[in-house]
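Colleague: Please take one aromatic contact in this model and look at it closely. Then work outwards from there, in plain terms that I can follow at the bench.

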Amino acid sequence: MKWILLAWLSLSAFSALSTELPLEYFTKHGDYLDMKLSPDGKHIAARVRFDSKVILVVLDRQTLDLVGGVRPGNKDIIHTMNWVNEERLVFEYAEKFGYLDAPMPTGELFGVNVDGSKQEQLFGFRAGDAKLGSRLSNKDDTLASQEILSLLENDDDNILIIEYPWTKNGNTYYDDRSKQPVISKLNVYNGRKRKVDVLPYGHSRALANKAGSVNFMTWQDNNGDYHSAYREDEGDEWTALGDKFKQDSYLHPLGASEDEESIFLGGRRGESGVYTLYSLDLNSGEYKAIFDSHKTDIEDFILDKNGIPAVGITYPGKSKAEYAKVESETSSIHKLLAEAFGDQTVHITSSTKDWKTLLVHVSGDVNPGEYYLFDSETLKAEFVWANSSWIDPRMLVPMKPIEFVTSDGMAINGYLTLPNNSKAGEKPPLVVMIHGGPHQAGTRDFWRYDPETQLLANRGYAVLRVNFRGSDGYGTAFKRAGYKEWGGKMVQDINEATRWVIDKDYVDGNKVCTYGASYGGYAALMSVVRAPELYKCAIGYVGIYDMQYIFTESDIPNSWGGKAYLSKVLGNDQSQLHDYSPINHVDKIKANVMLIHGSKDRRVPEINAEALSERLTAAGKPPVYLQFKQAGHGVYDEGNRRELYQGVLNFLETNLKS
């Protein structure tokens, strides 16, 4: 393993160079997106971005020669792919529709052999293959989306899927998951399927073992609360999981062991409500915490040979591996890999059936991601591919974890990235980048490669990212501390973090700008409302600027549990909602403003940016406005992304470097 470590050290021994990199290095989507090893280890399947498309390629593992694949037409992309046996894969498309710039998943499923032969649509609204003049068809059109539940061991021809029927509203069908899901067995060669069961609730997911038995389910009610249930055999009544196994109701099944003796569950523990994993012995009914105490949520995990988590990945600052209390070969291997690759995040993404060969993904703040083949017997690793292959990690700069305590005693974490190209004796200007969400799973800042951060650092700006109260990842108590504080203590945390960085003398306190998307766009404007003297400029990207619009114009109230969610996190105090709306405080805004919005945005409709622009213009403070007519809640098209980020750089140059 030493050669891996030496190779990485030799790369990181160079300080980040100060050369200005081309803008498109940071606006292009990644090229090598994900890879999976076939069960027999003879092939690697990968989703690769090529010529504005995401294609599926199948490579010979020994030579890395191309042996098969699928290339979508138009601007469609391969959305997901999975091995179902040693010779066949299934995959999904995301389709480019004319009225949006981002491809949208269609819920359909296709199959193809390793060599590209026998490509077949297996499931979806266009799956029926009746020929002209004939009423005979082997498959039916199904107005639903699907997910794979089980690959069905000892059955190479079929998989178990769960179907989510679409809901029709006017002339449009939506995958809103409100209807009862259907569990079916699907043939991966000809698309024939047989209904096995129907779950009793909408917005539910099922857990199936390798034989295809569905004994556990979890669903979300219209108040946004989750419930789980168990049944002994197909056809039995479902029983609340807590009643059957005498366990806390907040635990929900995630996976089953290979020996079918146990399952693992996710849930929050203690007063802080940090998310962790548990195992449940199906024979004794005993459940145990898999990991010892950790202060931040388990964000990802790696399974052992028996299908139970052996490694958890958490982010107290940099990424950290938590190892299961019960030692396994998987955790031992991961410790070797983590030591070899040093200060990076290591995932075992797939393996051969016998676990001899592993496909390992390595990434970090200055590493967009690399894949290695690892031999678990010889302990040797072989480099395969790197994502964003045009990026030289030596040209990137590290993210430094920070922590400070707010004026009301709350510990706040974040990341500070400092540029390497500041002139001697000069402190860099600062961009405060605010994450979106703000409360949903995964809505926090992480220690990982971020192209926006690296673009700004490459252009000479320091970048501060703050996990203010209300962010995910730090437990339920921390998240709930942000409820009904969108324009209050959450923004206060951001402003206090900014002052903390300035007081530490890292940056030029007279040259500071806020920038964020979605909630981050909202908070960027509220930050300059709450602290007008602190910022020279603010950039709001697809942000909410009038709280009333989130109730009247957004798609959130009409989504499952949406009204209950808004009541919980925003409340109905009209005076507070008025105070939390940047549009009502234009008189307090001293900073120059830039607004960016997509005209097809359903989550935060463009009326937010239009109304704020009108109000600012009427007050003699017209904003810079970038409108993208085909974009939704974020800009996807690479040409439009270049225009967007060039506009951002021009705006920052004018306000922070002039």
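Modeller: Phe-468 and Tyr-519 are both buried, that is, under 20% relative accessible area with a 1.4 Å probe and protein chains only; over 50% is exposed and anything in between is partly exposed. The model is predicted, so local features need pLDDT of at least 70 and side-chain atom pairs pLDDT 80 or more, while totals for chains, interfaces and linings use all residues. Residues are numbered from 1 along each chain as its sequence is written, and side-chain values use heavy atoms, without hydrogens or water.

A search of the whole structure gives 21 aromatic pairs, counted where ring centres of Phe, Tyr or Trp (its six-membered ring) lie within 6.5 Å; planes under 30 degrees apart are stacked, over 60 edge-to-face, and the rest tilted. Phe-468 and Tyr-519 make one of the tilted kind, with 5.6 Å from centre to centre and 45 degrees between the planes. Phe-468 is in the loop between strand E34 (462-467) and helix H6 (476-480), and Tyr-519 is in helix H8 (residues 519-530), so the contact ties together parts that are 51 residues apart in sequence. Helices (at least four residues) and strands (at least two) are DSSP runs, numbered from the N terminus. The two rings also belong to one aromatic cluster, together with Trp-486 and Tyr-522.

UniProt, in an unreviewed entry, places "domain: Peptidase S9 prolyl oligopeptidase catalytic" at residues 447-657; such annotations may be inferred rather than shown by experiment. In the model this span is 44% helix and 14% strand, and its end C-alpha atoms lie 28 Å apart.

Another aromatic ring, that of Phe-446, has two arginines over it. The charged end of Arg-448 is 4.1 Å from the centre of the Phe-446 ring, and that of Arg-444 is 4.6 Å from the centre of this ring. Sitting over a ring means that NZ of Lys or CZ of Arg is within 6 Å of the ring centre and within 35 degrees of the ring normal.

Further back in sequence, Pro-438 lies in the loop between E33 and helix H5 (451-458). The peptide bond that joins Gly-437 to Pro-438 is cis, with omega near 10 degrees. On the other side of strand E33 (430-434), Lys-423 occupies the loop that follows E32. Lys-423 is exposed, at 59% relative accessible area. Its C-alpha is 9.4 Å from that of Gly-460, although the two are 37 residues apart in sequence.

E32 (residues 411-417) pairs with E31 (residues 399-405) in the antiparallel sense over seven bridges; pairing needs at least two DSSP bridges between the strands. Met-399 has Thr-417 of E32 as its bridge partner. The two strands form a hairpin with five residues between them, and Gly-409 in the turn has a positive phi of about 90 degrees.

A positive phi also turns up at residues that are not glycine. Arg-177, with phi of about 60 degrees, is one of them. Arg-177 is in the loop between strand E13 (172-174) and strand E14 (182-187) and is partly exposed at 22% relative accessibility. Lys-118 is another, with phi of about 55 degrees. Lys-118 belongs to the loop between strand E8 (109-113) and strand E9 (120-123), and its relative accessibility of 60% makes it exposed.
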